[in-house]
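Please open the model in a viewer and keep the sequence panel visible. The tour below proceeds from one selection to the next.

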Amino acid sequence: MKKGLLIIIETIIVGVICFLLTATNALSQLDYMARDKVYQIPRGIDSRIKIIGIDEATLKEYGQIQTWSRSRYAELLAKLNEDASTRPAIIGLDVFFLGNVDEGDQALVDAVRESGNVVIVDQLIYNQRLEENENGVLVTTVDHVQEPFEELLEVARVGYSNVAQDSDGIVRRVVPTEQVNGETRETFSKVMYEEYCRIKGITPSEIPTDKTGRSIINYSGKPGDYEYVSMADVLDGKIDTRAFKDSIVFVGAYFQGMQDNFKVPNGGSRQMYGVEVHANVFQSYMEERFAINGNPVLFALIISVIAMLLHLAFRKLKLWISLILLLAAAGAEVFICVTLNNNGTTFSIIYLPLILTISFVYAIVIHYIVERAKKQKVLGAFRKYVAPQIVEEISRKGDFSIKLGGENRDVAVLFVDIRGFTTMSEALQPEEVVEILNEYLSLTTKCIFDNLGTLDKFVGDATMAVFNSPFDLPDYEYKAVCAAMDIVKGGEELEKVLLEKHGRSVGFGVGVNCGPAVVGNVGCEFRMDYTAIGDTVNTAARLEANAKKGQVLISDALYERLKDRIEVNEIGQIPLKGKSNGIMVYEVTKLK
């Protein structure tokens, strides 16, 4: 499959997966966690909202709440409202007053009537079965309502205290209204807000709701952020009630043992008391800061297109540029989604970064596979020219740096040729000639590779090898001479075999020189050869041409470098074709 077609198929797959995941919110639990971290950053509490907590100290002083006379709450209301100039704007009692208890009931009724700024709670009891609402969505319906005792109900506004928990138990949403037997009931915080607006002469605003009748709460504070005082301290006069002037006061459970605490998006390991949840919802009403889910299909289409375009970029651009694009896209999506959420519309946040991360990793893997294939291709080519151990070293280091067009290197060049090959080829059958030639080429190649040389080329019955190219080779001059001596010695063994098998003997003449040469790729765009050229190479070829059977001839330049490590016979100065002056030549007889 062509690369371009493969990328197009990949891009389509990326778009389809991104669309399906986003449109269905398939990883909803993971998405909720991400939204909690990003959308529910504390925005700052309203200092006018205060909490009077029925806490451990209050229970310790007055006993368990079930044993209290309701006159205790009447006393609290009287203290808070005793001075008309410093009283709270509104008081919400998040305490359920079910049925009559004692004479304190009337005291509470009188206190609520006289205050005129108190809201109390009732509780909705839901059915276990789901029913369709007016939008055709299955929702839990209300079976009945548990209300406060009748006399109290007549003098106070009431809102239900139920909170809406998601499937993971976290309170992220509020149900502003519920229908009970054709009557609209409102949540405690909404009633508090409406009463506050009535008292202050403000027109209350409505909040948007989704098809299930819910709105997402954008929390203003974390657990414990709102100013809180102990109810016992207020009743005992330890708190100056002027501190509550014009405040919005919530009274409710502030102790874990009272089992009115919930997991919230920004709470971490801490839970939030129900009275704090109501305070957060109230502030969201004040600031009109609720959100509902936006159109998931439209959003899925948009981010799918973005994911497809970026996948194309990842497959074509350098990895570091792709990484920058990935981070920029994820950051931009977070910024846009947070802005939209703060303006009332919320969307899933994890799918674009998730898909882009997978796409980026995929691009890295493909890049690695392609580069590895290229590497193996290069190594495969090198195996035809250089010793296996050099190939392994190249593979280990990953060093493939060869300058295109050539580079100047100091090298040792070896030429070897069969003596009498032309005469022999005329006397033997073609198959026999090829067999002898293959035996000879196998020998020379093995000797070159054993000494870490590079096989440059075969030219008929001649072999050319270069040492110290294309990679640095320590002691390359000596290794070149060693290879030459190995070839001559191997030729003696091969001569015996061929004489017995074909009745013909062969011998080798070898020439070795060292010095500067240009090494690199020569040829044209569609046919190239890696070789060495220059006077050093020509001189090595001339030395080989002058070598007799079984001789290894070296130049004086090579002799000067190795004279302490080899034994030679001085041949003397011989003329070389193409040179005006001859060079001093030596025959290597032994390696020290």
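Select Thr-463, which counts as buried because its relative accessibility is 0%, under the 20% cut-off. In this predicted model, Thr-463 belongs to strand E18, which spans residues 462-467. Now display the surroundings of Thr-463, leaving aside neighbours within four places in sequence: the residues in contact with Thr-463 are Leu-414, Phe-415, Val-416, Tyr-440, Leu-441, Thr-444, Ile-448, Leu-455, Lys-457 and Phe-458. For a distance across the model, add Asp-529: Thr-463 and Asp-529 are 66 residues apart in sequence, and their C-alpha atoms are 15 Å apart in space.

Next, turn to the largest nonpolar core, which has 45 residues. Which of its residues touch the most other members? They are Leu-414, Phe-467, Val-510, Val-512, Val-552 and Ile-554. Helix H16 (residues 476-502) supplies the largest share of this core, 12 residues. Centre the view on Val-552 and again set aside its neighbours within four places in sequence. Val-552 is then in contact with Ala-484, Met-485, Val-488, Val-510, Val-512, Tyr-586, Glu-587 and Val-588.

Select Arg-565 and Tyr-478 together. Arg-565 lies over the face of Tyr-478, at 3.9 Å from the ring centre.

Move to strand E11 (248-253). Is E11 mostly covered or mostly open? E11 is mostly covered, with six of its six residues buried. Show strand E1 (residues 49-54) beside E11: the two run parallel and are joined by six bridges. Within this pairing, Lys-50 stands opposite Val-249 in E11. Then show strand E2 (residues 90-94), which also runs parallel to E11 and is joined to E11 by five bridges. Here Gly-92 stands opposite Phe-250 in E11.

Phe-250 leads to a group of aromatic side chains. Ring pairs link Phe-188, Tyr-193, Tyr-196, Phe-250, Phe-282, Tyr-285 and Phe-290 into a cluster. Display these rings as sticks to follow the links.

The structure as a whole holds 15 aromatic pairs. One of them is formed by Trp-68 and Tyr-73, a tilted pair with 5.7 Å centre to centre and 45 degrees between the planes. Trp-68 counts as buried at 5% relative accessibility, and Tyr-73 counts as buried at 3%. Another tilted pair joins Tyr-254 and Tyr-273, with 4.6 Å centre to centre and 35 degrees between the planes. Where do the two partners lie along the chain? Tyr-254 is in the loop between strand E11 (248-253) and strand E12 (261-262), whereas Tyr-273 is in strand E13 (residues 272-273). The pair thus links distant parts of the chain, 19 residues apart. Both Tyr-254 and Tyr-273 are buried.

Now select the open sheet of four strands, in the order E6-E9-E14-E15, which has mixed pairing. Strand E6 (173-174) and strand E15 (345-346) stand at the edges; each has a single partner strand, so one side of each is left without a neighbour in the sheet. Inside this order, strand E9 (residues 215-217) and strand E14 (residues 290-293) run antiparallel and are joined by two bridges. Ile-216 stands opposite Ala-291 in E14. Add helix H9 (residues 274-287), which packs on the sheet and touches E6, E9 and E14. The direction of H9 makes about 90 degrees with that of E14.

For a strand hairpin, select strand E7 (residues 177-180) and strand E8 (residues 183-186), which run antiparallel and are joined by four bridges. Gln-179 stands opposite Thr-184 in E8. Two residues lie between E7 and E8 in this hairpin, and Asn-181 in the turn has a positive phi of about 55 degrees.

The last stop is Ile-336, in helix H11 (residues 319-342). Is Ile-336 buried or partly exposed? At 48% relative accessibility, Ile-336 counts as partly exposed. Add Phe-347, 11 residues from Ile-336 along the chain: the C-alpha atoms of the two residues are separated by 10.0 Å.

Notes:
Residues are numbered from 1 along each chain as its sequence is written. This is a predicted model: local features need pLDDT of at least 70, side-chain atom pairs count only at pLDDT 80 or more; totals for chains, interfaces and linings use all residues. Side-chain values use heavy atoms; hydrogens and water are left out. A nonpolar core is a set of buried Ala, Val, Leu, Ile, Met, Phe, Trp, Tyr and Cys residues joined through side-chain atoms within 4.5 Å. Buried means under 20% relative accessible area, exposed over 50%, partly exposed in between (1.4 Å probe, protein chains only). Contact means heavy atoms within 4.5 Å. Two strands pair if DSSP finds at least two bridges between them. Axes are lines fitted to C-alpha atoms, for helices over the stretch in contact, and angles run from 0 to 180 degrees between N-to-C directions. Rings of Phe, Tyr and Trp (its six-membered ring) pair if their centres lie within 6.5 Å; planes under 30 degrees apart count as stacked, over 60 as edge-to-face and the rest as tilted. A charge sits over a ring if NZ of Lys or CZ of Arg is within 6 Å of the ring centre and within 35 degrees of the ring normal.
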